[in-house]
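Please open the structure in your viewer and keep the selection tool at hand. The tour below proceeds one selection at a time.

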Amino acid sequence: MRVEFYRHQVGEAEAASWRRVLDTLFLTLGPQVAQFEEELGRFLVRGRSDAVAPHVVGASCCSMGLVMALRALDVGPGDEVITTPMTFVSTTNAILHLGAKPKLVDVEPETGLIDPTAVRAAINENTVGIVPVHLYGQLADMKTLREIADARGLFVVEDSAHGIEIERDGVRPGDLGDAAVFSFYATKNLTSGDGGAIATRDAKMAEKLRRLRNHGVTRAAADRHGGLYRHWDMVDLGYKANLTDLDAAMLRPQLPYVEEKRAKREKVARRYESMLRERIEDVRTAAPTVNSVPWLVERRGTSSHHLFTLHAWPGERDALLAKLGEAGIGTAVNYRAIHTLTYLVEALGLPRGALPVAEEMGDRTVSIPMYPTLTESDQDLVVDAIATAWAELAARRG
């Protein structure tokens, strides 16, 4: 590849922190995890002098964080949980693993975020909660979703896999949800290769989450260390789903630089938008608006800019991907509407046309390289390749 789709930002500070843990007693769930949880909680309320930090519970990944958050809220067979088709499959998988049914609703055409109007219309007697996804790193309309949930006695669990540094109308992840779940996967803005965390303001929920992540037992190994032996008990059917001290050691040095790196990604995003509009939007080959879906996603509030996406001409997405690949530009698709994927077609039974906006976005979306160290010269290569491919496809179209 001339320009990789993603490059992680992990360096010597993270490596040194990781190596120091090797000289300590705990490699898995121990004091580094506890310190990271405290630091992430403080980050979520940064700049708010009178704010109380949420409880943070480290997890092995965002996927298990979602499972445990829903489990802690007693989701089970017969329940319906409303969520979005514009997400990774882990969102619906978490609901299905608990025997509940994901109820997918359509998204806003401008942003790809879950549409609160569609959420309100989808609520029935089996609905127990809502799982909005903060897609691409922009916060869903949490104020409206919280109002809808409160009016019907529903929970809200935020899938915030795409960032911890998001804000909209003064609201951040975990402010209005019963829980917010984060991802530290390899491509995320804060990463340990794998890992996740759950933030909640409910102390009892946090206590249950700490048990669920560690087999359902009452005392983790670190809690049992350093004193006279005391027996532990198993009081829940739990999982092996904890964050490790090695993970936390990688994450902690990154936290002080999250906002600085977000600002760099915003600079990259704004430059992309300006250059792409100059090269494409002002000529007749700009993609048409179908189902009110624009060819560049609109942003709401302070985005983490985890991903930068554009929408190809209808029917030309895969051809555009192929041309960009031939030009040495790394790309991805985030996401195809998940109800069109084989397993979920069978599990959910939603036909094509049921969620037209999400399907339109899923059929057209292309993600291009986005990271804080992306150089202007590499951006130029990306935009040149897009403009060239776009023009070639337009000429073929006639």
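**A guided tour of the model**

Begin by selecting helix α4, residues 90-97, in which Ser90, Thr91, Thr92, Ala94 and Ile95 are the buried residues. Please bear in mind that this is a predicted model. Next, add the elements against which these buried residues of α4 pack: the helices α3 (62-72) and α12 (342-348), together with the strands β2 (80-83), β3 (101-104), β4 (127-131) and β5 (155-160). Then move to Gly99, just after α4, where phi is positive, at about 80 degrees.

The next stop concerns aromatic rings, of which the structure holds 5 pairs. Select Phe88 and Tyr335, which form a tilted pair with 6.4 Å from centre to centre and 40 degrees between the planes. Phe88 belongs to the loop between β2 and α4, and Tyr335 to the loop between α11 (317-326) and α12, so this pair ties together parts that are 247 residues apart in sequence. Phe88 is partly exposed, with a relative accessible area of 48%, whereas Tyr335 counts as buried at 12%.

Now select Tyr272 and Phe308, another tilted aromatic pair, with 4.9 Å from centre to centre and 40 degrees between the planes. Tyr272 lies in helix α10 (residues 258-281) and Phe308 in strand β8 (residues 308-311), so the pair links distant parts of the chain, 36 residues apart. Are these two residues buried or exposed? Tyr272 is buried, with a relative accessible area of 0%, and Phe308 is buried as well, at 6%.

Turn next to helix α1, residues 12-22, and select its buried residues: Glu14, Ala16, Ser17 and Val21. Viewed down the axis of α1, these buried residues fall within an arc of 165 degrees, so they line one face of the helix. Their cover includes α2 (31-44) and α9 (245-251).

For a view of the surface, select Tyr229, Trp232, Met234 and Leu237, which make a nonpolar patch of about 500 Å². Leu237 sits in the loop between α8 (221-224) and α9. With a relative accessibility of 63%, Leu237 counts as exposed.

Finish at Pro116, in helix α5 (residues 116-122). Its relative accessibility is 7%, so Pro116 counts as buried. Which residues does Pro116 touch, leaving aside those up to four places away in sequence? They are Glu108, Asp141, Thr144, Leu145 and Ile148. As a last exercise, display the C-alpha atoms of Pro116 and Pro314: these residues are 198 apart along the chain, and the two atoms are separated by 26 Å.

Conventions: Residues are numbered from 1 along each chain as its sequence is written. This is a predicted model: local features need pLDDT of at least 70, side-chain atom pairs count only at pLDDT 80 or more; totals for chains, interfaces and linings use all residues. Side-chain values use heavy atoms; hydrogens and water are left out. Buried means under 20% relative accessible area, exposed over 50%, partly exposed in between (1.4 Å probe, protein chains only). Helices (H or I, at least four residues) and strands (E, at least two) are DSSP runs, numbered from the N terminus. The arc is that of the directions from the helix axis to the C-beta atoms. Contact means heavy atoms within 4.5 Å. Patches are made of residues with over 30% relative accessible area and no salt bridge: like charges are joined within 9 Å, nonpolar side chains (Val, Leu, Ile, Met, Phe, Trp, Tyr) within 5 Å. Accessible areas come from the Shrake-Rupley method with a 1.4 Å probe; for residues, only the protein chains shown count as cover. A salt bridge is a side-chain nitrogen of Lys or Arg within 4 Å of a carboxyl oxygen of Asp or Glu. Rings of Phe, Tyr and Trp (its six-membered ring) pair if their centres lie within 6.5 Å; planes under 30 degrees apart count as stacked, over 60 as edge-to-face and the rest as tilted.
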